[in-house]
Amino acid sequence: MTAISDHPTSSDASPGGISRRSFLKWSAVAGGGVALVSGTRQLGLLPGAGLSASAQEEASGVETIWSSCNVNCGSRCPLRMQVADGRVVRVLPDNTGDDALGSQQVRACVRGLSYRQRLYSPDRIKTPMRRVGERGSGDWEEISWEEAYDEIADSMKRIIEEYGNEALYLNYGTGTLGGTITSSWPPISTPFSRLFSLAGGYLNHYADYSTAQIQGAVQYHYGGWIGSNSLDDAKNANLVVMFGNNPFETRMSGGGEIYVSQQTREQAKVKTIIIDPRYSDTAMGLGDEWVALRPGTDSALVAGMAHVMITEDLVDQEFLDRCCQGYDDEHLPDGVPAGSSYKAYILGDGPDGEAKTPEWAAPITGVPAGTITRLAREIATTKPVLINQGWGPQRHVNGENQARAIFTLCALTGNVGIPGGGTGEREGSYGLPLANPFVIDNPVEASIPVFAWTDAVEKGPEMTATNAGVRGVDRLEVPIKFILNYASNALVNQHGDINRTIELLKDDSKCEMIVNVENRMTVSARYADIVLPDTTNAEQMDLASQGSAGNMGYAILASQVIEPLYDCRTVYEMCTELAKRLDIEEEFTEGRTQEEWIRHILDASREDIPDLPSFEDFKEMGIWREPNPPEVGYVPLQDFREDPEEHPLPTPSGRIEIFSSELWEMAETWELPEGQRITALPEHLSMQESAEVARSDDTYPLQCIAHHVKQRTHSTYGHIPWLEEAHPHVAWIHPWDAEERGIANDEKMYVFNDRGRIRVSARVTNRIAPGTVSVPHGAWYEPDEQGVDVGGSPNTLTSWLQSPIHKGNAQHTMLVQVERA
Amino acid sequence: MFTDLSMVVFTVFAQMSVGAFIVLGAVQVYARVQGGRSAEDVDRVTDPALYAVGVTLALGLIASIFHLGTPMNAINVLRHVDSSWLSREIAFGLAFAGLGFVFAATQYFKWGSAALRQALAALTALVGVGLVVSMSMIYASLDAVPAWSTWVTPAQFAITTLLLGSLAVGAAFMGTVMWRRRQAADEEAEEPTTDAGDLETISTSLKGIAVASIVLLGAAFVVIPLHLNELSQGGAAAVASAEVFSGAMFALRLALVFLGAGLLGFFVYRFAARMESNPQPLAVVATVAFGLVFVGEFIGRSLFYESMTRIGM
Amino acid sequence: MATQLGFYFDQTRCNGCKACQVACKDKHDLPVGVTWRRVAEHGGGSWQSDGDTFSPSVFATYMSTACNHCERPVCAEVCPTTAMHQRDDGVVAVDDDLCVGCRYCEWACPYSAPQYNAELGSMTKCDLCTDYREEGLEPACVAGCPSRALDWGPIDELRERYGDVDAIEPLPDPAITEPRLVITPHRDAQMTGSGTGTIKNPLEV
């Protein structure tokens, strides 16, 4: 079976073929919606702290109920919540399963364990509210639910009437992820999608803030999302090479990839090389060698290594000939001129005439030529090599080529489709094929790139297939006029260029209605017209699908732990009430309550997962695992490798397209912004604000990236006192760069460019490459009177810059200057 | 700065009390042995200062209460005398206060023989020394705090005790003289306000105090660089501690103590010779000297607490 | 003497996530500023540059520590009230009824185990989750570590199983308190006193 998914949007981390049916995904990046605001931070006031341990034991009413942590971290953890007198008094980790891979206990990370402070956060939105000042002014009036429902339904009807359904938009948001009813992502599986689809549909988006460029890359390179060999398959490798992949910080669940990779390493002790601008915790805990490079230059590093491999005759010519298109001029499609192959590009026989020697790559990447040569020989002569990448390398303006270059390294070394090898994508993992009959199709065909919604608000009808990547239609008919922003902070905080985005949103003649469904007053919620207070998942029941956990399949039946707080309501109830006003209630509910839907989903899932327990048993056990023999890792493309004729890839050639025919054509036909290129080959491209530009830019000489940090999942879990204490918001800067600017560890500094300025504490550390600063992703924007973002959000510094192919968010591509504050 | 204000007040006041008590004892002994004066005569000079010592100690002890998180449990601090220097400190402190109170009472009411009172005073002074020793051992015994666990801590506490004690007594003597003069002026008395013998005793005492303060200043200025040197040779925590002794507050502290104990000490000595004709300059200088050194030592003690950087994590 | 309890820490598995710290806080309802188990990042090393290229030669490790229920509990030795005491099983604990909140134990302990809770006016510290152990459960930090880097038990057994390393930076010289702690050191662990690195997150520990 060739496991390739035809809808990259709905498959971003699961090995497509295994879990096609599950809408369970975990993109790891940008979305996350949560919380914030209003001055009153919780300082050590612990709701539920009234009971001492002994008193708690004595209290008769303490009950332990299964819930889960449904955020977009890529993992998913059950939480055992202890309740007394209707309040959660303890949040305990999983205590089932064991330590063996395949049946591991899914222990929650630091964030899940702080859930109580999120649940009882003073930032909780308590009642429906309507904006009274200008957008973002912070002036609200409380309104009744009836008023809110009426106004939203009327607004929807008016906008559909006036502009058509294409003017409605469900913004990308991953603040509530993994549930089946309460899911905010992917958009098609949210209850609002069901509601809007029944009301005639809404403008789609494709890809996500986590993986936009790599999704574009896989589409043209492999024909769809495959995933790389699972991390437990490292036991079959003799070398592991990870580009910007950091499970120790981004997959922190005790049942997730940190545990899988850690355990596998302890058992197999395979040498591991980490290529990353940061000496990440993965480099510390899993790596034997750290190769530090400048952000956005992985493609140059690969080119330099390729030169060594080609000139020293170390490539797997047999694999390249049999399974790939365009490695050498002999394997180019018809009609393409000689010199267009990857080999020609590397050897300097292509149009640019420049050989991509290690000496060429060294000043671009920062990696010494000798190191590049040594790495190339080691990677090429060791068999097999498990090669994968995280999603940092692709979150650049040249991200598609970055990702494709790493895929190409796997082809050059013939590691694709074998145990212990890899495709160069991110690790795949097993996923339970849960059904979801709650999901229905959206009748509107038009779809925009996920990051282009601000363009669609600003100038929708100017956006076409070739100038903006619009799909389903040639051109958008209308701009976005109505945004439903559910559990999303991507309306402001997680989008690029916050200051510019705010200016756009302030003009309510453009987007006429913004409805925000959220449980805490996030940065994005500040800019809504109507805010609806959502319940957290502790306040309702849902079936949660699993996170990435190597070879283990599991699901969580999260019960309702406490009654909804304040005047909060479930999204299911909100959608039902809106459906009533749109005369589609019966279609929306099909006569089921939320619990009945969950029972229905379980029953439907039993078709593919016959062992799935009964609702009652599942409720009792909380987490259910599908036993899986540990020796079976995920190894994609084995069948393709064995017989590419019989099992072709869904690319035009049926082969791995190192030279992509479609991109070759797009390079001719697409209209691109100044300075951008689409290349048929995974060439290293230096475009806007690249590493090369930084070194000749006196004003903004530093590259800035935004690593994912333990305090938050994107912006979710922001401003949780225990987490802010454990993992304060500190931006990383190399000692050389800090010293030059007179900045000491833990001192405040400004990071700024033309788009904005943040004030943040410095972590002066030799764990980051010189010339690069990293401002942890997801911090909540908080402008002071001068407009300085003292919350320290990296998106105050990012732009709306999109990558050329998939129009992805280039949020790790930005140049800045730093000065002492 | 001043984060451990209650501890700073307590330790400085308690040490000053012990020092002053000892210095008053020295004045007694010297005046009677060398000056040949009667106990009653010397008492007239020293008693007002003695009562001031009592007040100072009481203030210090009250301040110490504010350091406690649960003052209601304060009595428990005596439970661990066999192991804890802190228990011992409080035990000595209470004993010193108690004995001092009894001694002051016997002085006031002239109870018992002079010899008995002398013996009581000697015992009180000894307990006072015990107080300063146990106080310094609290800090000097902490292996976890390199800035404290050194011979420097008892040395500096001893210097503070004697330096502040001396200058406080000097200031108290001159305060008494000036107060009596003013009172006499108010009453338009014709008799000299302080008899010549007393003035002689005071003059001699102040000369001694001046000499003592200059000697102690010298000692302090030997101990401080040795301490800094010791810290610079230590581990990361010791080096971090040393940073406390480098800023403006540290410089101010040195300057104040130098001015007070050194420069003014010199003038105290000079003016003491001429105090019979006009005690006012001496009174001013002695008071200013005490004031400067007191502020300097107060800052110094604050820095001492600030230097608490532990090894480990 | 009864069985003496202690902790085990596998430094090779620690990614500094501090789930242990927050599990402890949730279990004991600890406010911000009172942190019985903490994690330090210790690191050092240098970089070389040559033209436009650079090469790192750096190291970093994490150290999670709570109370080590020491053989020689200096906190209890210096405590003036005897509130800080060692139980028969080696667990060092505070008797709230006796504690005066003088914070002397806090100064004495090189592991920052005793922590002052201003709301209570008294010292607080890890008691190895006595109540959980009585119910047959693991201490919250041990049960909460996603990487299974923590363990607890009779120190003799822990030493038998994991060795007797306990002098790893940034921990102090074990001779001071004789901690009941066993560590499996990370490959970059530095011996206590080596002076090769520093704590990188001093405000967090």
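1. Start with the helix pair in chain A of this predicted model. On one side, A:Gln213, A:Ile214, A:Gly216, A:Ala217 and A:His221 of H6(A) make the contact; on the other, H15(A) brings A:Gly399, A:Glu400, A:Ala403, A:Arg404 and A:Phe407. Sorted by class, the residues of this contact come out as 4 nonpolar, 4 polar and 2 charged.

2. The geometry of that pair is worth a look in your viewer. Helix H6 of chain A covers residues 212-221 and helix H15 of chain A covers residues 399-412. Their axes come within 8 Å and cross at roughly 55 degrees, which makes H6(A) oblique to H15(A). An angle that is neither under 35 nor over 145 degrees, and not within 65 to 115, counts as oblique. As for handedness, the crossing of H6(A) past H15(A) is right-handed.

3. On domains, the assignment splits chain A into four. Domain 1 is pieced together from 31-36, 127-203, 443-534 and 570-589, while domain 2 takes 43-120, 541-559 and 591-629. Domain 3 is made of 213-430 plus 651-669, and domain 4 is the single stretch 691-820. If you script selections, mind the segments that make up domains 1, 2 and 3.

4. How far apart are the centres of domain 1 of chain A and domain 2 of chain A? Taken over C-alpha atoms, the separation is 29 Å. Each of the two domains puts 14 residues into their contact. On the domain 1 side of chain A, the residues touching domain 2 are 10 polar and 4 nonpolar, with no charged ones.

5. Now the chains. Which of the 2 pairs of chains in contact shares the most contacts? That is the pair of chains A and C. Chains A and B, by contrast, have no contact joining them, and their closest C-alpha atoms lie 14 Å apart.

6. The contact of chain A with chain C uses 49 residues from chain A and 37 residues from chain C. Several elements of chain A give two or more residues to that side, among them helix H1 (53-58), strand S3 (87-92), helix H8 (257-268) and helix H13 (358-365). H26(A) supplies the largest share, 4 residues; this helix spans 721-726. By class, the chain A side that touches chain C holds 27 nonpolar, 12 polar and 10 charged residues.

7. The other contact to check is between chains B and C, where 26 residues of chain B meet 34 residues of chain C. Helix H3 of chain B (residues 85-109) gives the largest share of the chain B side, 3 residues. That side of chain B divides into 12 nonpolar, 11 polar and 3 charged residues.

8. A:Gln688 deserves its own point. This residue sits in the loop between helix H24 (661-669) and helix H25 (691-694) of chain A. Beyond its neighbours within four places in sequence, A:Gln688 is in contact with A:Val397, A:Gly675, A:Leu801 and A:Thr813. The partner A:Val397 is 291 residues away in sequence, yet the C-alpha to C-alpha distance to A:Gln688 is 7.3 Å. Is A:Gln688 buried or partly exposed? A:Gln688 is partly exposed, because 18 other C-beta atoms lie within 10 Å, and a residue needs 20 or more to count as buried.

9. Two cis peptide bonds before proline should go on your checklist. The bond from A:Lys383 to A:Pro384 is cis, with omega near -15 degrees, and A:Pro384 belongs to the loop between helix H14 (369-381) and strand S12 (385-389) of chain A. In chain C, C:Glu169 and C:Pro170 are joined by a cis peptide bond with omega of about 5 degrees. Here C:Pro170 is in the loop between helix H6 (155-162) and strand S9 (181-184) of chain C.

10. Last, some backbone angles. A:Tyr566, a residue other than glycine, has a positive phi near 50 degrees; its loop runs between strand S18 (553-558) and helix H19 (571-581) of chain A. A:Tyr566 counts as partly exposed because it has 13 C-beta neighbours inside 10 Å. C:Thr82, likewise not a glycine, has a positive phi near 70 degrees. The loop holding C:Thr82 lies between helix H2 (74-78) and strand S4 (84-86) of chain C, and with 18 other C-beta atoms within 10 Å, C:Thr82 is partly exposed.

How values were computed. Residues are numbered from 1 along each chain as its sequence is written. Chains are lettered from A and ligands numbered from 1 in the order in which they are written. This is a predicted model: local features need pLDDT of at least 70, side-chain atom pairs count only at pLDDT 80 or more; totals for chains, interfaces and linings use all residues. Two residues are in contact if their C-beta atoms, placed from the backbone, lie within 7 Å. Domain bounds come from an automatic or database domain assignment. Ala, Val, Leu, Ile, Met, Phe, Trp, Tyr, Cys and Pro count as nonpolar, Asp, Glu, Lys and Arg as charged, and the others, Gly among them, as polar. Axes are lines fitted to C-alpha atoms, for helices over the stretch in contact, and angles run from 0 to 180 degrees between N-to-C directions. A crossing is left-handed if the near helix is turned anticlockwise from the far one by less than a right angle, and right-handed if clockwise. A residue is buried if 20 or more other C-beta atoms lie within 10 Å of its own, exposed if 12 or fewer, and partly exposed in between; C-beta atoms are placed from the backbone.
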